[in-house]
Amino acid sequence: MQQIVVDKFDLQILDALQRRGNATNSALGEEIHLSASQISRRISRMEQGGIIASYAALLDPAAVGLDVSAFAQVTLERHGESRSDAFERAVSALPEVVACFSVSGDADYVMHIVAPDLVAFSDVMMKRIMRLPGLAHLKTNIALKTVKQTSVLPLDHIMHAPQPRRRMQFASA
């Protein structure tokens with residue numbers, strides 16, 4: 001795995017792209033005080049190095065009719081690679097599950113599930129989620145209000161890291 005060395009300009013580019021992924025190189029250059037070609041080269045380097053994983057338009061769930069957001073804690077019947085693999089494959093095929101994390105603690109997985117309304121949510125739970133392979137216990141919480149939700153990752157720690165990160169190292173100019 002190639003290590004990428006970044007500077008303050010790269011971090012500014014990453015921050016700006018997280019907030020406005022559709023910004024042009026010219027607009028980024030004006031904001032960061034670099035030429036559009038320098039911005040382009042830096043972005044390409046970070047894409048090739050795997051720092052920038054992908055680009056996406058983030059949709060407002062309520063605007064597209066997904067008014068119910070729930071979080072489910074899942075415990076599997078038995079543990080083992082084949083059991084986990086079967087569960088993970090089945091979860092990956094469910095479009096209503098927008099995130100699933102293998103976690104430590106009381107549960108084995110935590111899933112974020114969206115649905116248009118409570119009737120649809122109940123249907124997804126009863127006909128799809130409850131039938132996932134290996135599922136032993138399920139506890140769900142329905143979100144009442146979104147207090148904070150972001151896809152913007154904090155980057156300040158990179159400049160102050162005591163040791164090089166696995167893929168990214170900061171170099172002060």
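This passage describes the strand pairing, a pocket and several individual residues of a predicted model.

The pairing of strands is considered first. Strand β2, spanning residues 68-76, pairs with β4 in the antiparallel sense over seven bridges, and seven bridges likewise join β2 to strand β5, residues 135-142, again with an antiparallel course. Ala 70 illustrates both pairings, since this residue stands opposite Ile 113 in β4 and also opposite Ile 142 in β5. A further pair between β2 and β4 is formed where Phe 71 stands opposite His 112. Strand β4, in turn, is joined by five bridges to strand β3, residues 97-102, and these two strands also run antiparallel. Within that pairing, Val 97 stands opposite Ile 113, the residue of β4 that also faces Ala 70. The hairpin of β3 and β4 has six residues between its strands, and there Gly 105 adopts a positive phi near 110 degrees. As for solvent accessibility, β4 is mostly covered, with six of its seven residues buried.

Two of these strands also take part in the second largest pocket, for which a volume of about 670 Å³ was computed. Of the 20 residues that line this pocket, the closest to its centre are Leu 59, Pro 61, His 112, Val 114 and Gln 149. Strands β2 and β4 each supply at least two residues of the lining, and the largest share, three residues, comes from β2. By residue class, the lining divides into 11 nonpolar, six polar and three charged residues. His 112 thus appears in two settings, both among the residues closest to the pocket centre and as the partner that Phe 71 faces across the strands.

Individual residues outside the strands were examined next. Asp 7 is placed in the loop between β1 (4-6) and α1 (8-19), and this residue is classed as buried because its relative accessible area, 18%, falls under the 20% cut-off. A polar atom of the Asp 7 side chain lies 3.0 Å from the backbone nitrogen of Phe 9, and a polar atom of that side chain lies 2.9 Å from the backbone nitrogen of Asp 10. When neighbours within four places in sequence are left aside, Asp 7 is in contact with Arg 42, Phe 170 and Ala 171.

His 33 is found in the loop between α2 (25-32) and α3 (36-48), where it has a positive phi of about 70 degrees although it is not a glycine. With a relative accessibility of 68%, His 33 counts as exposed because this value is over 50%.

Lys 145 is located in the loop between β5 and α6 (156-159) and is likewise exposed, with a relative accessible area of 66%. Although Lys 145 and Ser 69 are 76 residues apart in sequence, their C-alpha atoms are 9.1 Å apart in space. Asp 123, by contrast, belongs to helix α5, residues 118-127, and is partly exposed, as its relative accessible area of 36% lies between the limits for buried and exposed residues. The C-alpha atoms of Asp 123 and Leu 155, which are 32 residues apart along the chain, are separated by 40 Å.

Technical notes:
Residues are numbered from 1 along each chain as its sequence is written. This is a predicted model: local features need pLDDT of at least 70, side-chain atom pairs count only at pLDDT 80 or more; totals for chains, interfaces and linings use all residues. Side-chain values use heavy atoms; hydrogens and water are left out. Helices (H or I, at least four residues) and strands (E, at least two) are DSSP runs, numbered from the N terminus. Buried means under 20% relative accessible area, exposed over 50%, partly exposed in between (1.4 Å probe, protein chains only). A polar contact is a pair of N or O atoms within 3.5 Å; within protein, one must be able to donate a hydrogen and the other to accept it, and residues adjacent in sequence count only if both atoms are side-chain atoms. Contact means heavy atoms within 4.5 Å. On a 1 Å grid over the protein atoms alone, a cavity is a set of points where a 1.4 Å probe fits but cannot get out, and a pocket is an open set with protein on both sides within 12 Å along at least five of seven lines; lining residues have an atom within 4 Å of a point. Grid points are joined across faces, edges and corners, and a volume is the space filled by probe spheres set on the points. Ala, Val, Leu, Ile, Met, Phe, Trp, Tyr, Cys and Pro count as nonpolar, Asp, Glu, Lys and Arg as charged, and the others, Gly among them, as polar. Two strands pair if DSSP finds at least two bridges between them.
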